[in-house]
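Good morning, colleagues. Please take a moment to look at the sequence and the model on the screen, and then I shall go through several local features in turn.

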Amino acid sequence: MDLQRSLGPDTASDVRLNNRIGSVVVGGACFQDKSLPPAWLCEMEGGKDVRVESAPYCCSTCDGGEVPARNLIRRSRKVRSLSTSSASTSFEYRRTQSLHGPSPVTTFGPKACMLQNPHAVMHIQDPASQRLTWNKPPKSVLVIKKIRDASLLQPFKELCMFLTEGKNMIVYVEKKVLEDPAISGDENFAAVTKKFCTFREDLDDISNRVDFIICLGGDGTLLYASSLFQESVPPVMAFHLGSLGFLTPFKFDMYQSQVNQIIEGNTAIVLRSRLKVRVLKENWEKKARVDEKGIILTNGDIESSRKAMQYQVLNEVVVDRGPSSYLSNVDLFLDGHLITTVQGDGVIVSTPTGSTAYAVAAGASMIHPNVPAIMITPICPHSLSFRPIVVPAGVELKIMLSRDARNTAWVSFDGRKRQEICHGDSITITTSCFPVPSICFRDPVNDWFESLAECLHWNVRKKQNYLSSEDEEF
């Protein structure tokens, strides 16, 4: 690749190389070239050869589309390495000290991706313009149904028959759903169930087999769907067949036309950010000693070992006092600095999606899902001045049991995987780069405000009477 010819003599001095995808980045423009070696020579102004080493990060500006080159001319001779984080799913996200959240991965499952907007500025799309498209026509769908709910049997059967016989799609269903006697005992539905592909939670990996997801139930069904995918999540279409339905915008009456529209693509989506949670547990075990006669002694030395677990959380992480009658006493760190000690019933760390769940019941504000933020809400704090706060999505939070805490704490993730937190354990929380692409009924703004009005009755009040001119005189 002739660098001088492609970029011009004035811009050749401001070059950044991405070795992983073979692209040259100049200012905000990206030019792909897979023939570039890991380290190469380019001729700079003045006839000097400068060796440019490959950068350790992927190019976040290169998404396969053309980028308008604006303000590319810079006179600096310094060659800078990339400092932006990778958006590729094949590399682990490396956190920086930036206050901005990580750029969400815009590929959802094996075939879906976000439709690129050529008029986007700085590759940050207006949330209202985020739309779904398909690289290839979708062929497989995961249908998630609330377990043992009799009211969902008929919608589940109708939908599965439509997908298998009408759309000729591969349908994935959880194995325990088919174990329901109302389904396994239906002889008329047996021919359809034979075409299903089944899986078991925590045992079978279906992340690269499912093109999109259909949820039948309430908000908990969507939370469960999120927990099945620890990395890239396929697009989710949620039907309101539960109790609250804040996250489920679709009505089942017109399911055929709505599913057809999703399969055709070009529908509005909202990227619901998730929390990447890492729990590091300190396991204290007694090291057994053996005497001369081979008898094992149990009063040996104590050894510690660390056990790490990782979760993707859509709503919130809740740390509470558990069954203890004492206050919970946990330290809260932000980017390594102790910011406060929570003394109360506990603390909620939530996403914008989770701000309308447990957090709003604890007195927090409601945040639109497109706002990049993390909300910290105390639960019944023993303080008159501890109010909920919103921090940037790019920070790293760490929660540990205080040294002088009288009891242990308990943690849960979207209401599941509840476990005890002891002294020496830590919970690290950051914004995940794997959001949940939730398909909208209309658009992200209208859907959210309709949910506020219908589900939470936001700002419902009897109208004030009109004041006539005669009344004004008095």
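Let me begin with S324, which is buried, its relative accessible area being 18%. Please bear in mind throughout that this is a predicted model. S324 belongs to the loop between β19 (316-320) and β20 (328-334). A polar atom of the S324 side chain lies 3.1 Å from the backbone nitrogen of Y326.

A second loop residue is T356, located between β22 (346-350) and α8 (358-361). Is T356 buried or exposed? T356 is buried, with a relative accessible area of 10%. Its side chain reaches the backbone oxygen of T353 at 3.2 Å.

I now turn to the salt bridges. How many does the structure hold? There are nine salt bridges, and I shall describe three pairs from among them.

One of these pairs joins D345 and R321, where the closest N and O atoms are 2.8 Å apart. D345 sits in the loop between β21 (337-344) and β22, while R321 sits in the loop between β19 and β20, so this pair ties together parts that are 24 residues apart in sequence. D345 is partly exposed at 24% relative accessibility, and R321 is partly exposed at 25%.

Another salt bridge links E174 with K176, at 3.7 Å between the closest N and O atoms. Here E174 counts as buried, at 7% relative accessibility, whereas K176 is partly exposed, at 36%.

The side chains of D204 and R200 also meet in a salt bridge, at 3.7 Å from N to O. D204 is partly exposed at 31% relative accessibility, and R200 is partly exposed at 40%.

Next, I invite you to consider the helix α9 (444-455). This helix has twelve residues and reaches 16 Å from its first C-alpha to its last, close to the 16 Å expected at 1.5 Å a residue. Which residues of α9 are buried? They are P444, D447, W448, S451, L452 and C455. These residues cover an arc of only 135° around the axis, which puts them on the same side of α9.

Finally, there is a nonpolar patch on the surface, formed by V445, F449 and W458, with about 290 Å² of accessible area together. W458 is found in the loop between α9 and α10 (469-473). W458 is partly exposed, with a relative accessible area of 45%.

Thank you for your attention.

Technical notes
Residues are numbered from 1 along each chain as its sequence is written. This is a predicted model: local features need pLDDT of at least 70, side-chain atom pairs count only at pLDDT 80 or more; totals for chains, interfaces and linings use all residues. Side-chain values use heavy atoms; hydrogens and water are left out. Helices (H or I, at least four residues) and strands (E, at least two) are DSSP runs, numbered from the N terminus. Buried means under 20% relative accessible area, exposed over 50%, partly exposed in between (1.4 Å probe, protein chains only). A polar contact is a pair of N or O atoms within 3.5 Å; within protein, one must be able to donate a hydrogen and the other to accept it, and residues adjacent in sequence count only if both atoms are side-chain atoms. Patches are made of residues with over 30% relative accessible area and no salt bridge: like charges are joined within 9 Å, nonpolar side chains (Val, Leu, Ile, Met, Phe, Trp, Tyr) within 5 Å. Accessible areas come from the Shrake-Rupley method with a 1.4 Å probe; for residues, only the protein chains shown count as cover. A salt bridge is a side-chain nitrogen of Lys or Arg within 4 Å of a carboxyl oxygen of Asp or Glu. The expected span of a helix is 1.5 Å times one less than its number of residues. The arc is that of the directions from the helix axis to the C-beta atoms.
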